[in-house]
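Welcome! Take a moment to look at the structure below, and then we can walk through it together.

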Amino acid sequence: MNFTPEERTLYEGHLKWLWVEENTVKKAKNEGKEEGIQIGKEEGIQIGKEEGIQIGKEKGIQIGKEEGIQIGKEEGIQIGKEEGIQIGKEEGIQLGKEEGIQLGKEEGIQLGETQKAMAIAQNLLQEKLPIAYVAKVTGLTINQVEQLYNVFSQ
């Protein structure tokens, strides 16, 4: 495309504005996502512990009733508390592992997407397309594309 200098300045300014807007939205989305994950993780662990303790208490009470004549009510409650704490810990650890695996997968996917975007950007740069256009098409920042261009052009 042949632009006048004024048109090129307007076009590049518009591309930069679009890029800034897009990055602002992406940053807000990522910050919200990270905050949501953290809150969800904390709430999930807390709920898991509470449910585990409750289940453990109920199980302990049941065992205490069955052995109540021989062991007595106090020992049954103690066993229930201990099992509840253990179950709560195990469920909390399991929830943490599952969430960690999910976060790892998401980060791996994001890394793969970035690597793919870099490969596409390199191909577009080889076709001598403008850096701002390559950044817009690939979702990379202008700085990332410029760095890629500098490495590629050496």
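A helix here is a DSSP run of H or I that spans at least four residues, and helices are numbered from the N terminus. With that in mind, Val151 is found in helix H4. We will come back to this residue after a look at the whole chain. Please keep in mind that this is a predicted model.

## The overall picture

The protein has four helices and zero strands. Read from the N terminus on, its elements run α-α-α-α. Helix H1 covers residues 5-66, helix H2 covers 73-126, helix H3 covers residues 131-138, and helix H4 covers 142-152.

How does the radius of gyration of the protein differ from that of a compact globule of 154 residues? The protein has 28 Å, whereas such a globule would have a value near 15 Å. Along the principal axes, the C-alpha atoms fill a box of roughly 95 × 30 × 20 Å.

Of the 154 residues, 16% are buried. The protein exposes about 11,600 Å², and carbon and sulfur atoms supply 55% of that area. Contacts also tell us something about the fold: among those between residues at least 6 apart in sequence, 59% join residues at least 24 apart.

## Salt bridges along helix H1

Side chains of opposite charge can pair when their charged atoms come close. How many salt bridges does a search of the whole structure find? The search finds four. The table shows some of them, with the N to O distance for each.

| Residue | Partner | N to O distance |
|---|---|---|
| Glu12 | Arg8 | 3.6 Å |
| Glu22 | Lys26 | 3.0 Å |
| Lys27 | Glu31 | 4.0 Å |

Glu12 and Arg8 both lie in helix H1, four residues apart, which is about one turn of the helix. Glu22 and Lys26 are likewise four residues apart in helix H1, so about one helical turn separates them. Lys27 and Glu31 also both lie in H1, with four residues and about one turn between them. Why does this spacing suit a pairing of side chains? An α-helix has 3.6 residues a turn, so residues three or four places apart point the same way.

How open to the outside are these residues? Glu12 is partly exposed at 41% relative accessibility, and Arg8 is partly exposed with a relative accessible area of 34%. In the next pair, Glu22 is partly exposed at 30%, and Lys26 is partly exposed at 33%. Lys27 is exposed, with a relative accessible area of 54%, while its partner Glu31 is partly exposed at 45%.

## From H2 into H3

Moving along the chain, we reach the loop between H2 and H3, where Lys128 has its place. Phi of Lys128 is near 65 degrees, a positive value in a residue other than glycine. Lys128 is also exposed, with a relative accessible area of 73%.

Which residues of helix H3 are buried? They are Val134, Ala135 and Thr138. These residues cover an arc of only 100 degrees around the axis, and therefore they sit on the same side of H3. What do they pack against? Their neighbors are helix H2 and helix H4.

Helix H3 also holds Val137, which is partly exposed with a relative accessible area of 45%. Together with Leu129 and Tyr133, Val137 makes a nonpolar surface patch of about 230 Å².

## The end of the chain

Just after H3, Gly139 takes a positive phi of about 85 degrees. Beyond that lies helix H4, the home of Val151. Is Val151 buried or exposed? Val151 is exposed, with a relative accessible area of 61%. Measuring from C-alpha to C-alpha, Val151 and Thr141 are 16 Å apart in space, and they are 10 residues apart in sequence.

## Looking back

To recap, this predicted model has four helices and zero strands, and its radius of gyration is 28 Å. Salt bridges within helix H1 include the one between Glu22 and Lys26. In helix H3, the buried residues pack against H2 and H4, while Val137 helps to make a nonpolar surface patch.

Notes
Residues numbered from 1 in each chain as written. Predicted model: local features only at pLDDT ≥ 70, side-chain atom pairs only at ≥ 80, totals over all residues. Heavy atoms only, no water. Buried < 20%, exposed > 50% of the residue type's maximum accessible area, 1.4 Å probe, protein only. Helix = DSSP H or I, 4+ residues; strand = E, 2+ residues; numbered from the N terminus. Arc of directions from axis to C-beta. Contact = heavy atoms within 4.5 Å. Patch = residues over 30% accessible without salt bridge, like charges linked within 9 Å, V, L, I, M, F, W, Y side chains within 5 Å. Areas by Shrake-Rupley, 256 points an atom, 1.4 Å probe, with all protein chains shown as cover. Salt bridge = Lys/Arg side-chain N within 4 Å of Asp/Glu carboxyl O. Rg over C-alpha atoms; globule rule 2.2 N^0.38 Å.
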